[in-house]
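Let's take a walk through a protein structure together, starting with the overall picture and ending with a few single residues. Have a look at the model first, then read on.

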Amino acid sequence: MELSLNINGRNQTLTSHPTDTLRHVLRGAGYYSVRFGSDDGVTGAGAVLLDGRLVNSDTLLVSQAVGHKIETIEGLAPSIDQLHPIQKAFIETGAIQSGYSTPAMILAAKALLDKNPDPSEVDARDALSGVLCRETGYLKPVEAILRAAAALRGEDVPPYDGPQIVDAHQSKIKNQKSKMVVGKPETKVDAVKLAKGNPAFVDDMEMRGMLYAKLLTSPHAHARILDIDDTAAVALPGVRAVIHTKNVERVKYASGGQSYPNPPPLDQVSFDNKVRYVGDRVAAVAADTPEIAEEALKLIKVEYEILPAVFDENEAIQPGAPVIHDEEDTEGIHDASRNIVHHITADLGDVAQGFAQADFVFERSYYVHQVQQAPIEPHIAISWWDEDERLVIRTSTQVPFHARRMVAPLLGLPARRIRVIKPRIGGGFGVKQEMLIEDIVGHLTLKTGRPVRMELTRSEEFRSSRTRHPQTITWKTGVMKDGRLTSQKFTVIANTGAYGTHGLTVQTVTGLRGLSSYNCPNRQFDCVVAYTNLPVPGAYRGYGGPQALFSLENHMDEIAHELGLDPIEFRRQNWVQAGDPMPIAPLLGEGEKETVIDVPIIESCGLNECFEQGMKAIEWQRKSEPGWHEVPGKPHLRRGLGAAMCMHGTAIPGLDMGSASIKMNDDGSFNLLVGATDLGTGSDTVLAQMAAEALGVQVTDIIIYSSDTDMTPFDVGAYASSTTYISGTAVKRAAEQVAQQIKERAALILGLDSPEGIRLENKQAVAPDGRHVTLEAIALHSLHQEEQRQIMASASYVSAASPPPFAGQFAEVEVDTETGQVTVTKLVMAVDAGVPINPLTASGQVEGGMVQALGYGHCEEMVYDETGDLINDEFGPYHIYRADETPWMQAILVQTNEPTGPFGAKAIAEIPKDGVAPAIANAVFDATGVRIHRIPLTPARVYAALQG
């Protein structure tokens with residue numbers, strides 16, 4: 001039927017079905033800012049304004065919008081060259097990360113400011129509460145709203161200050177000459193298009209003849225597929241292909257997006273004759289519409305032999321447990337008969353002797369649970385044959401080059417016939433460090449010859465993508481009376497679910513993080529990685545670090561209190577510092593690869609300053625003030641403060657590689673091509689800043705292209721906190737080569753014998769005698785006038801070092817002793833990430849990471865029934881923080897200078913995930929005197945501990 005809709009002040013006649021949602025119709029009409037997060041509208045990603053009121057287009061039928069005024073962000077900017085003050089404020093404050101939910105947030109802000117021109121912070125948070133954001137922590141979007149409100153009131157709005165930066169060792173920092181671009185809070189290079197809602201994501205395109213794929217998954221936790229009958233599904237009009245174990249070749253692989261060769265075991269195939277968890281693949285359908293594909297799934301008849309299942313990692317490795325991988329063609333499983341995927345060990349010194357020498361020995365056990373990364377944009381991929389009969393896969397991935405290499409053998413195509421394109425990503429956090437659905441769309445395009453689109457539902461994202469590894473952890477620590485550590489034994493039983501993807505490497509990082517943070521002469525790591533019939537864990541921001549640090553920092557706090565020592569000073573006495581070795585690192589390389597040969601030495605560490613600044617910001621001295629722990633007039637409430645030390649890594653030494661190429665354009669601008677993958681972290685901006693600094697230009701003179709396996713140079717992708725350090729060094733080296741070529745050309749133009757002494761600044765090459773020539777003139781001279789050549793260069797980088805960032809994490813809580821409810825009221829994190837290349841994006845990483853980590857420690861948890869069926873596979877029952885729930889937060893950047901990093905930088909993206917859970921657990925102890933060794937700190941769990 002035809003409907004007339006008033007969209008952004010213009011009447012449009014559109015064709016739709018009566019049951020179509022408003023989101024479906026708007027996207028079909030080209031309003032791509034209206035995005036999918038979930039069909040129930042809980043994410044708010046599909047929000048629009050209806051008569052000035054924020055509504056969810058996901059749940060509104062298009063017919064309900066007839067006769068009303070619809071506004072999307074496409075109609076907000078006054079002209080193509082102008083921005084609305086709200087858009088401008090979101091850009092200036094760094095409130096945009098991936099930008100997937102930004103249009104909805106900006107519309108929420110407009111709805112508020114149209115009614116209330118002078119809102120409070122509470123009003124701003126309430127306005128944003130219907131739009132979930134997994135990235136920003138909401139702090140900067142709230143600041144953006146208040147800033148926009150002031151601008152709309154006609155007030156003078158000063159430049160945005162950005163985060164607090166503290167110099168840890170000013171007298172010791174070298175090479176600190178003033179930078180023009182590096183270290184400045186530059187706005188993101190992609191901020192304008194994201195603030196305007198321009199087409200930027202995988203789904204923001206249409207292709208003729210597009211087919212829609214849907215996935216049939218297992219209702220059983222463990223079963224053998226005896227037969228599949230797809231006759232009725234294939235016969236359904238509009239169905240173009242059905243694929244499953246009977247018609248797809250069995251090729252073994254591991255889905256984790258990791259460097260070649262992938263860590264063992266290769267225990268997956270595209271479609272197996274056995275299912276190992278509720279949500280495992282059974283079949284896929286491609287059809288003319290999503291509705292036909294859904295109907296076809298119901299017509300596929302599957303005959304199962306249901307098998308016993310096991311869900312707990314400790315039970316799975318016991319004799320007599322159901323064997324999950326009994327196939328004969330999987331190699332690399334440590335002991336399949338006992339469901340042991342890997343057994344990881346590392347020994348330094350003699351722990352038994354260390355315990356014998358200790359005055360005290362403490363042994364405690366902890367448990368960390370399973371959570372989901374929950375990006376607002378679920379996994380989505382579109383594949384098609386291009387004009388050269390090459391398969392193109394446009395996909396929301398963190399690892400385009402790994403994905404191409406890994407999908408090629410599954411499809412039976414050489415890598416040269418496959419092109420993988422990564423556009424903007426609506427959040428990743430590790431869950432998209434996987435070759436997850438690219439093989440499915442590829443198989444279906446091969447079978448049909450047509451473009452195929454597949455997008456996971458929110459339930460499938462929870463069940464059938466990836467999660468964080470649960471672990472049962474035991475620490476045994478020997479301590480002398482004066483607080484010195486003598487021995488540490490770290491034992492882990494890890495749950496890798498139905499498949500071993502990332503199972504080896506995540507747990508290796510757990511061991512590395514746990515046994516590198518403090519100096520101790522004797523250390524041992526003993527880890528068993530177990531198969532179970534749970535949905536599959538994989539990479540998640542922090543990658544084994546949050547599990548290690550929750551248990552370690554809880555344990556260290558507990559030891560300090562039992563010995564009567566100040567918990568901060570006890571940590572300080574033992575934590576590593578610059579100049580200390582990391583002797584456990586060579587024993588815990590990247591899985592089975594010897595990536596670390598020599599014992600690394602820590603060259604930069606700002607831990608002392610991190611704790612000094614963090615304690616000051618959280619007002620740590622209140623702990624010792626009489627009566628502070630009590631809330632006046634509310635005897636059932638208790639207040640507490642907690643802390644945690646954090647240490648992470650920067651890239652995988654000896655393995656991660658990034659490359660870059662730069663060419664000069666006619667007008668003196670530059671094209672920068674990188675394989676690095678920007679997930680919303682701002683890495684494109686940071687890399688452009690590094691290039692601009694080396695070339696003496698502004699960021700606006702750098703045009704960056706990334707993540708296209710045909711067009712950009714190789715990069716391992718976005719993981720292991722590697723982009724700034726690895727890809728950044730490659731960019732810096734390429735830019736320095738181009739800078740040298742520019743100087744040589746300038747010397748030729750100016751008649752100098754040598755380019756020595758020429759400097760690049762303000763888009764000019766300036767000679768020692770003061771004469772100068774513009775970069776535009778140099779470009780034109782090199783391309784058209786004399787000794788013509790293209791000024792360009794490429795560079796690659798692999799690092800033998802992995803310099804650790806450090807942080808002090810602090811939390812303030814209130815505990816209701818009558819209900820067990822924990823309310824986190826303040827979070828402070830002071831982070832040493834070397835020199836922050838862009839303080840605006842760096843602080844955004846800390847703020848967003850803290851709120852994600854708060855969910856991990858406080859409220860997020862995947863819950864199953866007795867059959868292994870996930871019972872909270874949607875937002876709401878699986879609770880992530882809203883804007884009106886987040887505590888007061890502060891991110892402090894403590895600047896050190898990392899001599900191995902580009903411009904002194906090291907990583908910052910993952911360390912914010914490490915410290916919140918132990919800090920709030922330690923704060924609960926400070927408030928109540930009760931230790932809780934298991935997260936999340938739900939009311940029921942805390943109440944039981946208080947009663948215990």
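**From the whole chain to its cysteines**

Start with the building blocks: the protein chain has 23 helices and 33 strands. Keep in mind that you're looking at a predicted model.

How are those pieces packed? If you follow the C-alpha trace along its principal axes, the protein chain spans about 80 × 75 × 60 Å. A compact globule of 948 residues would have a radius of gyration near 30 Å, and the 28 Å of the protein chain agrees with that. Burial adds to the picture: 64% of the 948 residues count as buried. Contacts tell you about the fold too. Take the contacts with a separation of 6 or more, and 78% of them link residues 24 or more positions apart in the protein chain.

Now for the outside. The accessible surface of the protein chain is about 32900 Å², with carbon and sulfur atoms making up 49% of it. As for charges, the protein chain carries 85 positive and 120 negative ones, and the mean positions of the two sets lie 2 Å apart.

Finally, let's look for disulfides. A disulfide needs two cysteine sulfur atoms within 2.5 Å, and by this rule the count is zero. Take Cys520: its nearest cysteine sulfur belongs to Cys605 and sits 18 Å away. Is Cys520 buried or exposed? With a relative accessible area of 5%, Cys520 is buried. Cys859 isn't bonded either, because the closest cysteine sulfur, in Cys133, is 15 Å from its own, too far for a bond. Cys859 has a relative accessible area of 22%, so this residue counts as partly exposed.

Conventions: Residues numbered from 1 in each chain as written. Predicted model: local features only at pLDDT ≥ 70, side-chain atom pairs only at ≥ 80, totals over all residues. Heavy atoms only, no water. Helix = DSSP H or I, 4+ residues; strand = E, 2+ residues; numbered from the N terminus. Rg over C-alpha atoms; globule rule 2.2 N^0.38 Å. Buried < 20%, exposed > 50% of the residue type's maximum accessible area, 1.4 Å probe, protein only. Contact = heavy atoms within 4.5 Å. Areas by Shrake-Rupley, 256 points an atom, 1.4 Å probe, with all protein chains shown as cover. Lys, Arg positive; Asp, Glu negative; His and termini not counted. Charge placed at Lys NZ, Arg CZ, Asp CG, Glu CD.
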